[in-house]
Amino acid sequence: MKIFKPFEVIRKELLACEDYARQLLRSDVKSVLEAGGYIFNSGGKRVRPGLTILSGKLFDPDDSRLIPVAIAMEYIHTATLLHDDIVDGASLRRGKPSANAVYGNDVAVLVGDYMFAQGVSTFATFGGVEVLQRALDAIRDMSEGELKQLEVIGKFDLSEEDYFDIIYRKTASLLSTCCEAGAIVGGADEQQKLAMRKFGEYIGYAFQLVDDAFDYVSDTQTIGKPAGNDIREGKVTFPLISVREKLSPFEKQKINHILNKDNSHQEEVDYVRKLVVEKGGVGETFNLAREYIEEAKALLAPFEGSKYKNSLMEIADFIVARTF
């Protein structure tokens with residue numbers, strides 16, 4: 001397993017997570033082993049278990065509880081990826097054929113259900129009631145976020161408030177839960193748990209903002225999914241929201257038409273991407289992401305200096321510097 005550089009300080013714990021993950025994936029049903037293993041081993045950086053472990057290590061965790069809770073976070077995340085790819089009709093995930101493309105939608109959705117069940121069971125066993133409740137809240141948030149996003153597909157006038165509500169539910173909620181759950185297992189007090197919850201929330205906002213910006217400026221090979229996919233699927237994200245008032249009536253009408261087409265041509269997608277970049281939407285998005293990162297890092301200031309705190313700071317900086 002290749003360890004993401006900021007996680008080198010918890011290499012031993014992440015390797016233990018991988019061992020525990022294989023235990024959770026034991027089943028006498030062949031589809032669970034094949035499809036579950038395929039998506040779980042498809043090259044993710046294990047950001048969620050890494051954040052959970054680092055947040056716990058700021059305090060005094062029992063690793064026999066922290067490791068299972070951390071990998072259960074990855075199980076929940078992996079289950080959402082399986083379901084999201086089905087909803088989106090995605091054929092690529094991290095540059096490889098998605099699990100639904102390889103095994104079919106029926107297998108992918110059922111294996112996702114299996115991983116949700118294993119994750120929740122692990123939270124109940126090792127995390128206690130508080131961690132379990134936070135995890136269930138996050139699962140509910142993610143489901144509602146996906147449903148709300150479906151409701152606003154093609155909605156050119158999507159408000160900034162609704163956009164941030166969606167990305168909180170879809171992305172920031174689980175990252176926030178990882179950081180808070182680690183703190184809970186580590187024995188943090190209420191103020192410390194709140195600080196870690198907000199840290200995860202803010203880096204979650206930044207992560208999604210950067211991801212949305214990449215859809216406008218990157219390429220398929222770099223981001224591991226079709227570039228311009230948000231536009232193609234009618235998703236209105238912050239780069240477009242930030243420049244709407246700068247667009248002419250003709251440009252607004254044309255973009256609205258493209259967002260609501262069933263099959264947009266590549267030149268239409270490229271038209272929207274180019275226009276948003278020229279109007280400064282991508283720059284605005286990165287600037288806002290950086291603001292969230294600075295707010296997140298400020299929340300760590302009261303904690304005692306340690307290699308774990310340094311790694312959390314490094315991860316926060318990496319989010320707005322990443323080029324993958």
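**Close-up views of a predicted model**

Glu-190 has a relative accessible area of 58% and is therefore exposed. The views below are taken from a predicted model.

**View 1. Glu-190 and Lys-193 form a salt bridge within helix H8.** The N to O distance between the two side chains is 2.7 Å. Helix H8 spans residues 190-217, and the partners, 3 residues apart in it, are separated by about one helical turn. Glu-190 is exposed at 58% relative accessible area, whereas Lys-193 is buried at 6%. The cut-offs behind these two labels are over 50% for exposed and under 20% for buried.

**View 2. Asp-270 and Arg-273 are paired in helix H13.** The closest N and O atoms of this salt bridge are 3.8 Å apart. The two residues are 3 positions apart in helix H13 (residues 266-278), so about one helical turn separates them. Asp-270 is partly exposed, with a relative accessible area of 32%. Arg-273 is buried, its relative accessible area being 12%. Elsewhere, Glu-130, Arg-134, Glu-180, Glu-190, Lys-193 and Arg-197 are joined into one network by salt bridges that share partners.

**View 3. A salt bridge links Asp-162 to Lys-148.** The side chains meet at 3.2 Å, N to O. Asp-162 belongs to helix H7 and Lys-148 to helix H6, so the pair ties together parts that are 14 residues apart in sequence. Asp-162 is partly exposed, with 22% relative accessible area. The whole structure contains 26 salt bridges.

**View 4. A nonpolar patch on the surface includes Leu-150.** The patch is formed by Val-87, Leu-147, Leu-150 and Ile-153. Together these residues have about 350 Å² of accessible area. Leu-150 is located in helix H6, which covers residues 105-151. With a relative accessibility of 48%, Leu-150 counts as partly exposed.

**View 5. The largest nonpolar core has 101 residues.** Phe-164, Met-196 and Leu-240 are the residues with the most contacts inside this core. Helix H7 (residues 160-186) gives the most to the core, with 13 residues.

**View 6. Leu-240 is shown with its contacts.** Leaving aside residues up to four places away in sequence, Leu-240 touches Phe-156, Tyr-216, Leu-247, Ile-255, Leu-259 and Val-276. Leu-240 is also one of the residues with the most contacts inside the largest nonpolar core.

Note on methods: Residues are numbered from 1 along each chain as its sequence is written. This is a predicted model: local features need pLDDT of at least 70, side-chain atom pairs count only at pLDDT 80 or more; totals for chains, interfaces and linings use all residues. Side-chain values use heavy atoms; hydrogens and water are left out. A nonpolar core is a set of buried Ala, Val, Leu, Ile, Met, Phe, Trp, Tyr and Cys residues joined through side-chain atoms within 4.5 Å. Buried means under 20% relative accessible area, exposed over 50%, partly exposed in between (1.4 Å probe, protein chains only). Helices (H or I, at least four residues) and strands (E, at least two) are DSSP runs, numbered from the N terminus. Contact means heavy atoms within 4.5 Å. Patches are made of residues with over 30% relative accessible area and no salt bridge: like charges are joined within 9 Å, nonpolar side chains (Val, Leu, Ile, Met, Phe, Trp, Tyr) within 5 Å. Accessible areas come from the Shrake-Rupley method with a 1.4 Å probe; for residues, only the protein chains shown count as cover. A salt bridge is a side-chain nitrogen of Lys or Arg within 4 Å of a carboxyl oxygen of Asp or Glu.
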